[in-house]
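Biologist: Before we look at the terms, could you take me through the reasoning behind each one, setting the value beside the rule it is judged by?

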Amino acid sequence: MFYYENIQELNELETQIYHYVHSHAQQVVNMTIRQLAEQVSVSTSSILRFCIKMNCSGYSEFRYQLKQTLARHTYIEENVYNSKAAVNFFKGTEVLSFMEKVSHMTDLISERNRIYFLGQGVSSIMCQYGAWCLSCAGKQSFQLESRLIPYIHVLPSQDVVLMVLSNGEENEAFLQQVSQFQWAGAACCCITNTEGCILSRMADVSICCHSAAEPLTESGEWFSQAPVVYVLELLMQKVRRKGKEARQEKDIPSG
């Protein structure tokens, strides 16, 4: 409810009111206009002018809007993060089947020269990080723009690994893009959030992060990317180590 364009119009007394309300919002929602005026040492007329500049018709509406703002912030703070799903994922990384999947991904990445990352939404941001990780491991790694792929002819891709990151986005166009690379010869590795989803069934190897949906606002949600970061950094370490071992073997003189 406190917008920059409104705050910059406040005079000195009104700015004083703003700072008091900001610092004592929980108390102000229960104060009368006279009580607030006494606390800030201003007149009730100054309080009313301040309320009008905050786009409220009067002090009653201002208190109502302030109470609604506090409720929204309290909702976010109480639901900011549930670490249970992430903790369970990290416990699962000690299981043999998880390490076998990581080893399979490592082998595919090490055997091929070009790594393309593909994702939508938040996953596209993680694709940038994934490309950076594998570039640090010595691989040519790039993030692809999903929205541009329908207009790009995919060349023969036997030397390519397509790394698909997904929180559950499986629209037809996106799946078609993945299929397009596979038919061109690319290997497909998938880091997803849903066990048994279409993407995981399409991929040569798939790791599920099992991140639970967390409320971001009253109408939105998000998924923790901590498991994805862990998998990407683990792949970076293993691919880098495998590359180093391969170079050392080449340097060993025969006979």
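**Rings, burial and one helix**

Modeller: Tyr 116 is a good place to begin: with a relative accessible area of 15% it is buried, because buried means under 20%. Please keep in mind that this is a predicted model.

Biologist: Why is Phe 142 called partly exposed?

Modeller: Phe 142 has a relative accessibility of 38%, and since partly exposed covers what lies between under 20% and over 50%, Phe 142 counts as partly exposed.

Biologist: What makes Tyr 116 and Phe 142 an aromatic pair, and why is the pair called tilted?

Modeller: The structure holds five aromatic pairs. In the one formed by Tyr 116 and Phe 142, the centres are 6.0 Å apart and the planes are at 55°; rings pair if their centres lie within 6.5 Å, and planes that are neither under 30 degrees nor over 60 degrees apart count as tilted, so both terms apply. Tyr 116 lies in strand S1 (residues 114-119) and Phe 142 in strand S2 (residues 140-143), so this pair ties together parts that are 26 residues apart in sequence.

Biologist: Why are Tyr 129 and Trp 132 called stacked?

Modeller: Their ring centres are 5.8 Å apart and their planes stand at 15°, and because planes under 30 degrees apart count as stacked, the pair is stacked. Tyr 129 and Trp 132 both belong to helix H9 (residues 122-136), where they sit three residues apart, about one turn of the helix. Tyr 129, at 28% relative accessibility, is partly exposed, and Trp 132, with a relative accessible area of 49%, is partly exposed too.

Biologist: How do you know that the span of helix H2 agrees with what is expected?

Modeller: Helix H2 (residues 12-23) has twelve residues, which at 1.5 Å a residue should span 16 Å, and its end C-alpha atoms are 17 Å apart, so the two agree.

Biologist: What makes the buried residues of H2 line one face of the helix?

Modeller: The buried residues of H2 are Glu 14, Ile 17, Tyr 18, Tyr 20 and Val 21. Seen down the axis of H2, they fall within an arc of 165°, so they line one face. The face turned away from that buried side carries the exposed residues Glu 12, His 22 and Ser 23.

Biologist: Which residue caps the N-terminal end of H2, and how do you know?

Modeller: Asn 11 is the cap, with a side-chain oxygen 3.1 Å from the backbone nitrogen of Leu 13; a polar contact needs N or O atoms within 3.5 Å, so the distance meets that limit.

Conventions: Residues are numbered from 1 along each chain as its sequence is written. This is a predicted model: local features need pLDDT of at least 70, side-chain atom pairs count only at pLDDT 80 or more; totals for chains, interfaces and linings use all residues. Side-chain values use heavy atoms; hydrogens and water are left out. Helices (H or I, at least four residues) and strands (E, at least two) are DSSP runs, numbered from the N terminus. Buried means under 20% relative accessible area, exposed over 50%, partly exposed in between (1.4 Å probe, protein chains only). The expected span of a helix is 1.5 Å times one less than its number of residues. The arc is that of the directions from the helix axis to the C-beta atoms. A polar contact is a pair of N or O atoms within 3.5 Å; within protein, one must be able to donate a hydrogen and the other to accept it, and residues adjacent in sequence count only if both atoms are side-chain atoms.
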